[in-house]
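Thanks, everyone, for making the time this morning. I would like to walk you through one model, going from single residues out to the contacts between its larger parts, and I will try to keep to what the coordinates support.

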Protein chains: 2
Amino acid sequence: MSLKMPEPDEGVIARRAEIAAALRAIVGEDNVIDSPTGLRPYESDGLTAYRQVPLLVVLPETTAQVSRILAWCSEQGIKVVPRGSGTSLSGGALPLEDAVLLGLGKFNRVLEVDYEDRLAVVQPGVTNLAITKAVEDAGFYYAPDPSSQIACSIGGNVAENSGGVHCLKYGLTTNNVLGAELVLMDGEVVRVGGRTLDASGLDLLGVVVGSEGLVGVVTEVTVRLLPKPEAARAMLIGFPSVEEAGHCVADVIASGIIPAGMEMMDRPAIHAAEAFVKVGYPLDVEALLIVELDGVAAECTHLLEEVEAIAGRHGAVGIRVSTTEEERNAFWAGRKAAFPAVGRLAPDYYCMDGTIPRRQLPRVLKRMGELSEHYGLGVANVFHAGDGNLHPLILYDANKPGELDRAEEFGNDILRLCVEVGGVLTGEHGVGVEKRDLMPEMFGEDDLKQQQRVKCAFDPDLLLNPGKVFPTLHRCAELGRMHVHHGKVPFPDIPRF
Amino acid sequence: MSLKMPEPDEGVIARRAEIAAALRAIVGEDNVIDSPTGLRPYESDGLTAYRQVPLLVVLPETTAQVSRILAWCSEQGIKVVPRGSGTSLSGGALPLEDAVLLGLGKFNRVLEVDYEDRLAVVQPGVTNLAITKAVEDAGFYYAPDPSSQIACSIGGNVAENSGGVHCLKYGLTTNNVLGAELVLMDGEVVRVGGRTLDASGLDLLGVVVGSEGLVGVVTEVTVRLLPKPEAARAMLIGFPSVEEAGHCVADVIASGIIPAGMEMMDRPAIHAAEAFVKVGYPLDVEALLIVELDGVAAECTHLLEEVEAIAGRHGAVGIRVSTTEEERNAFWAGRKAAFPAVGRLAPDYYCMDGTIPRRQLPRVLKRMGELSEHYGLGVANVFHAGDGNLHPLILYDANKPGELDRAEEFGNDILRLCVEVGGVLTGEHGVGVEKRDLMPEMFGEDDLKQQQRVKCAFDPDLLLNPGKVFPTLHRCAELGRMHVHHGKVPFPDIPRF
């Protein structure tokens, strides 16, 4: 298989040297990369199946430079692909042959921390974990915690609306970002959101979060900080079947408990993780739940008992509760190492990302087992069970002819299944190029056109990150009616009573 | 003073009978109101200072009817003002002389309740409180609770991003709505969001919530349900000064506690409320905090002690903690009756709504006292202190020449002060016509234009609720470049590795 991407503009490719010179005039000699060796590291992001060397890479250091770069590219009709740390698993930062790759890595400063208003203002290249590091001595943290948090940037988190283990209780990126500075494709700098939970006027922050680089380049982010909970305890709960584990998850949530994290691993994932990190996971169960509860100590104890009682009603075996911080970390160590651990089961694996209503967990897991047999490919399941966000890891061998194609088809069937049961195509990895062509499974043509009309309100010439998210990119003029009136609408008086 | 509104189209006004006939063909004889007596009740919403009899009122019963009404109005170039229960305090549903007022009152059914996925699907005319009533026997509730919750509709809540006492802990409407069905001005029906916390593609739900009727007509809303907490207890805390009460609020939040509600009343409000409902509020203090803590019983007890300790450090006097549900309700009774209670202090009052960073509370309260002296008008403060959402009630007498003008000027000064200290123009009442002309205090011209470009992506002919939110309405063609290319952007192949 191959991936349909926007047709490269040969004229732009031929102008590479001229474009490099123009951008060097903005950012300085060293901040433009155009040598083949220098460009190689940028040819893919975390979705390594697709690679494309960019036209060139530009690494601005200030908002003013970003504004000048975009304004110039806009005038010249040159496409731009924004990039944070390049850890996207859906190909959101996949370069184009005829597009400038705009890297935000040099925007790496924490600008302000305000504990009374519980927020931090950071540049987009700051890593997710660096925000927590900057505030943890004061007892605070930034809640969303993608597995890639050591490397991934907060700008990338905003672009993809990233999640993590703790998003069940504390929300995704969109629930933890208060405001942003955004440079539009024509170079205009606008502010969306602010320092409080909601600003006046149309809420553009929600559009910007999760927009996958299609509406502008974020040059500053204001995030919400949370106080570190007084206590956090984790429990391991084994189940004789994934269905029973699934029912347990649904019942915990339906009972009114929102754990800080509630993760599920199936038998292949448990065995792989245990062989890898040896933390004492039970090997005689079909499913393992790791449930973390946090809050004040008394609350934790109380909720642990409630979860234990619910689990007992679903045939749980071998419940263990962490008694020390070391033990809690050990419980999580296997989960955190699960991807590399599963990576040892087969030469390659393909990590999927979809979300389903919690009560559909048993049905979807059962159907996934049938698909696994149908495609003749193993699958290990490691996922955020509490919010129904699946991460099936499809095992294959890229060196065996046809296996990658089969893995991709299997993956697409899983995502179709997610939509069929009332879920969505993504949980936290974004659409990118990976799920782009499945968007019509979820959205009608009218829905997609309306999304694209909003994209056009930000980037009318479709120069920002084309080929991502939308399976078909309509010229903006085709999406709305043309307007004949010009100027301001007059507002005459109406009397006040 | 008077209010500048879009110039009425005399041609449309002259066609009233013809328009009524066309709409009757869609919704039936009785669902169009065009008699002067019938129209009178619709001449204003909760912002009663401004009144305007609408062209006519149409009351559709189905999404298909809404679609046909909007498509027809769109073709004819006729403006439409959507209306829920008409309780808006910012004039969001103020009619226009040449606009159809589209009432959603007949959309009054709860369509589905799903406890496992913790959501309800409701029609927009269902009242806020009716959602809770529909699910409370199962132990659930809908969290945002505006003071008008008996009357206000969920569709109106979505339009204004309404709040309430419990939004400190549980978020505003935007944090409690999962999805919506939206009819665009051209009659197209689109779905935004879904049944899970985040859908794929551009997040249009965030734009729709708080859009004040400017982007479409919501015909179905999917809301998040929360389980009723096991325990809830309230405490009354008196303070010798509003500054000390303000510092206490900031410290409670900075300590990591998020109460279910944290409300403040100043001396005039306390005295008015106590005289009105006689619940035993202390009369010898300058400020009163009502703090509610909820959760499991053990957690409540623990947090009450912590709040008490913090309050003690800020000179609190006369702390009382509720021991029964009756007592808790009594503590709240005064707060809930505060607006009508304050209404007895003067012939008229003007309720303002702005939000400030919590740590600015003491400074803003002090300055408000100075403004009160300057304008010679009393002010009582009743507000959501925990999230910095102020509701100053300016006391005046409309029969005294100039007093309403002075009250409005005083109110505008308060809102300017909110922005000056880093806050925003609204907390939960919206911009409407009330704060429209203050938007430039908060947003630059580029910010407002970008918001309007997004508005244009939904309603390119500016027919939906014109004159609200934006102080200047630019023709859409003036906001972006014109496009010469047509058709789809081709996506050729790039190879997969």
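Asn465(A) has a relative accessibility of 1%, and because the cut-off for buried is under 20%, this residue is classed as buried. I should say at once that what you see is a predicted model, and that everything I quote is computed from it. Asn465(A) sits in the loop that runs between helix H17 (445-458) and strand S22 (473-474) of chain A, and although Asn465(A) is not a glycine, its phi is positive, at about 50°.

There is another residue in chain A to put beside it, namely Arg118(A), whose phi is near 55°, again a positive value in a residue other than glycine. Arg118(A) belongs to the loop between strand S6 (110-114) and strand S7 (119-122) of chain A, and with a relative accessibility of 5% Arg118(A) counts as buried.

Let me turn to chain B and to Arg358(B), which is found in the loop between strand S18 (354-355) and helix H14 (361-375) of chain B. Is this arginine, Arg358(B), buried or exposed? Its relative accessibility is 13%, so Arg358(B) counts as buried. If we leave aside the neighbours within four places in sequence, the residues in contact with Arg358(B) include Val249(B), Ile253(B), Ala385(B) and Asp387(B) from chain B, and also Glu116(A) and Asp117(A) from chain A. Gly386(B) is another of those contacts, and there the side chain of Arg358(B) reaches the backbone oxygen of Gly386(B) at 2.9 Å. For a sense of scale within the chain, Arg358(B) and Lys106(B), which are 252 residues apart in sequence, have C-alpha atoms 40 Å apart in space.

Since Arg358(B) touches residues of chain A, this is a natural place to look at the interface as a whole. In total, 110 residues of chain B are in contact with 109 residues of chain A, and the area buried between the two chains is about 10,100 Å², of which carbon and sulfur atoms give 56%. The rule finds six salt bridges across this interface, and one that I would point to joins Asp117(B) and Arg359(A), with the closest N and O atoms 2.9 Å apart. Residue pairs in polar contact between chain B and chain A number 16, counting pairs in which both residues are at pLDDT 80 or more. Which element of chain B gives the largest share of the side that touches chain A? That is helix H17 (residues 445-458) of chain B, which contributes nine residues. Sorted by class, the side of chain B that touches chain A is made up of 54 nonpolar, 24 polar and 32 charged residues.

Within a single chain, the interfaces between domains can be described in the same terms. The domain assignment of chain A gives domain 1 (10-103), domain 2 (110-227), domain 3 (230-338) and domain 4 (346-430), and the pair I have chosen is domain 1 and domain 4, whose C-alpha centres lie 33 Å apart. Here five residues of domain 1 are in contact with four residues of domain 4, and the area buried between these two domains is about 350 Å², with carbon and sulfur atoms giving 57% of that area. On the domain 1 side, Tyr50(A), Leu89(A) and Ser90(A) lose the most area to domain 4, together accounting for 75% of what that side buries. The rule finds zero salt bridges between domain 1 and domain 4 of chain A, whereas two residue pairs are in polar contact, both residues being at pLDDT 80 or more. The side of domain 1 that touches domain 4 divides into three nonpolar residues, two polar residues and no charged ones.

Finally, two residues that lie in helices. Ser67(B) lies in helix H4 (residues 63-76) of chain B, is buried with a relative accessible area of 16%, and, apart from its neighbours within four places in sequence, is in contact with Val183(B), Gly187(B) and Val189(B). Ala298(A), in helix H11 (residues 297-313) of chain A, counts as partly exposed at 34% relative accessibility. The C-alpha atom of Ala298(A) is separated by 8.9 Å from that of Ala231(A), and those two residues are 67 residues apart along the chain.

Terms used. Residues numbered from 1 in each chain as written. Chains lettered and ligands numbered in written order. Predicted model: local features only at pLDDT ≥ 70, side-chain atom pairs only at ≥ 80, totals over all residues. Heavy atoms only, no water. Contact = heavy atoms within 4.5 Å. Buried area = accessible area lost by both parts, 1.4 Å probe. Salt bridge = Lys/Arg side-chain N within 4 Å of Asp/Glu carboxyl O. Polar contact = N/O pair within 3.5 Å; in protein donor to acceptor, adjacent residues only side chain to side chain. Helix = DSSP H or I, 4+ residues; strand = E, 2+ residues; numbered from the N terminus. Nonpolar A, V, L, I, M, F, W, Y, C, P; charged D, E, K, R; others polar. Buried < 20%, exposed > 50% of the residue type's maximum accessible area, 1.4 Å probe, protein only. Domains from an automatic or database assignment.
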